Amino acid sequence: MIAVLKPGTDKEQIDNLIEWFHSYGLRTNLSEGEFSTVIGLIGDVSRVDADLLESLEIVESVMRISEPFKKANRKFHPDATVVEVGDVRIGDGSFPIIAGPCSVESREQIVSVARSVKAAGASMLRGGAFKPRTSPYDFQGMKAEGLELLLEAKKETGLPIVTELMNAEHIPLFADVDVIQIGARNFQNFELLKEIGELRKPILLKRGISGTLKELLMSAEYIMAGGNDQVILCERGIRSYDSDYTRNVLDLSAVPVLRRLTHLPIIIDPSHATGHSYLVEPMSLAAAACGADGLIVEVHNDPQRAKCDGAQSLTPEQFAAMADKLRRVREAVGGPVV
Ligand code: PEP
Ligand code: MN
C-alpha cells in the first residue's frame, strides 16, 4: 500500500504518520520526489483502514500495491533512482559505459585495456577477478591478486571498477571496489543478496539465464530490504531454444518493461547476451535507442589470446568506433550524450 501526501506537508506531519504506521508493525519507505511525497508500506497492511488513511488531512490518495516487490517498485518511488559512482551517474539520462575484459589476466593487460577504453569514453572499468566458470578446469580468475590489479588500473586511469562477488566471505576483499557485480549464476543466491543488502555500496545485479523480470525485481528487493538501495539492473540475455548462432537471447523489451515497473536504472550487457563480437555493436546501438541507462561491454587488448570470452570481446579499436556511433544514436533519440 502507498499513501501519496499532499504537496506542502511538513516534516513533523510526515513523521507522525510514519510513527502511526510503525505502531501497526509496518515498515515504511519514504520517497520525497520532485513532484510528490510517497510513503510506501511494507508488511501486513490488512490492519490499516485505507478509508481512514485517505480521510486524513495530509493524504492525497491511497493505493494498494499488488506486486510483491515494494522498495524496487516505481509506485513506491516515482522518481528514477540515480546511482552515483564517483563522478559517474547511472540513471540520470546520461549513458555511461562500463568496459573491460571478461577476466583480469595481468597488470599489463588490465592497465592497457583501462587506458584504451577510457580514451574512447568509457566511464568505468570492468574485469572479473573471481570467475564463475561452467567447467572447474577452466581459468577461475586471479582472485585477490586480480582485485589488486584492478585497483592499480583504477589508480592509473581514475576509472571506478566493477567486479563480481561470488562468495560473501570475500566481502572484506571488496572494500575498495566501486561497484559489486552479482552475476547471472548468483542472481537468486538469496543469502548472498542479503549480505550485500547490508553494504552501502552500488550493486550491479544481472538477470539469471532463466530469470523472469519479476524474479529479477524480487532479487533487487532482497538487496534493498537490507537498506542498500543502490541497485543497477542488468539484462544480459536469457536462455531460449536457439543457441546455434547466439549465446543467449537479448531481451531488449526488458528495458521499457522494467522502466515502468521500477525506478532502478537498467543497463544492457550485449557481450554475454550474444557471445559474438560482431553482434555487440548492433545490440549496443539498439540498447541506446530503446532507452537503456548504459552498457557493460567486454573489451580485450588481444581477444584471440583471452583466457575467457575472447569471441565476444571487442578490440579497443572496435570499442572506440562503437562508442562514437553510440553518441550519434543518443543524439538521434534525444537523450543526453555520454
Ligand atoms: C561476467 O560479466 O563476466 C559474467 C560472468 O557475466 P554473467 O554473470 O552475465 O554470465
Ligand atoms: Mn565474460
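This is a short tour of a metal site, a ligand site and two buried loop residues, to follow in your viewer. Keep in mind as you click along that the model is predicted.

**Stop 1: the manganese ion**

Start by selecting ligand 2, the manganese ion, and show the side chains that coordinate it: Cys102 through SG, His272 through NE2, Glu298 through OE and Asp309 through OD. The coordination distances run from 2.0 to 2.4 Å. If you want a pattern to search for in the sequence, the donors follow the spacing C-x169-H-x25-E-x10-D.

Now colour cysteine 102 and histidine 272 and trace the chain between them. This pair links distant parts of the chain, with 170 residues separating the two. Cysteine 102 belongs to the loop between strand S7 (97-100) and helix H3 (107-119), while histidine 272 is part of helix H8 (residues 270-274). Are these two residues buried or exposed? Both cysteine 102 and histidine 272 are buried.

**Stop 2: ligand 1**

Keep His272 and Glu298 on screen and add ligand 1, since both residues are also among those that surround ligand 1. The other surrounding residues to display are Arg126, Lys131, Pro132, Glu164, Gln181, Gly183, Ala184, Arg185, Lys206 and Arg236. Turn on a surface if you like: ligand 1 sits in the largest pocket.

Next, put distance labels on three side chains. For arginine 126, a polar side-chain atom is 2.8 Å from an oxygen atom of ligand 1. For lysine 206, an N or O atom in the side chain lies 2.9 Å from an oxygen atom of the ligand. For arginine 236, the distance from a polar side-chain atom to a ligand oxygen is 2.6 Å. How much of ligand 1 does the protein bury? Taken alone, the ligand exposes 290 Å², and the protein buries 97% of that.

**Stop 3: aspartate 293**

Move on to aspartate 293, which you will find in the loop between helix H9 (277-289) and strand S14 (294-298). Why does this residue count as buried? Its relative accessible area is 6%, and buried means under 20%. Show arginine 259 as well: its side chain and that of aspartate 293 are joined by a polar contact of 3.0 Å.

**Stop 4: threonine 9**

Finish at threonine 9, in the loop between strand S1 (2-5) and helix H1 (11-22). Threonine 9 counts as buried because its relative accessibility is 17%. Display the backbone of lysine 6 too, as the side chain of threonine 9 reaches the backbone oxygen of lysine 6 at 2.6 Å.

Terms used
Residues are numbered from 1 along each chain as its sequence is written. Chains are lettered from A and ligands numbered from 1 in the order in which they are written. This is a predicted model: local features need pLDDT of at least 70, side-chain atom pairs count only at pLDDT 80 or more; totals for chains, interfaces and linings use all residues. Side-chain values use heavy atoms; hydrogens and water are left out. Donors are N, O and S atoms within 2.8 Å of the metal (3.2 Å for Na, K and Ca); water is not among the atoms, so sites may look incomplete. Helices (H or I, at least four residues) and strands (E, at least two) are DSSP runs, numbered from the N terminus. Buried means under 20% relative accessible area, exposed over 50%, partly exposed in between (1.4 Å probe, protein chains only). A residue is near a molecule or strand if one of its heavy atoms lies within 4 Å of it. A polar contact is a pair of N or O atoms within 3.5 Å; within protein, one must be able to donate a hydrogen and the other to accept it, and residues adjacent in sequence count only if both atoms are side-chain atoms. Accessible areas come from the Shrake-Rupley method with a 1.4 Å probe; for residues, only the protein chains shown count as cover. On a 1 Å grid over the protein atoms alone, a cavity is a set of points where a 1.4 Å probe fits but cannot get out, and a pocket is an open set with protein on both sides within 12 Å along at least five of seven lines; lining residues have an atom within 4 Å of a point. A molecule sits in a cavity or pocket if more than half of its atoms lie within 2 Å of its grid points.
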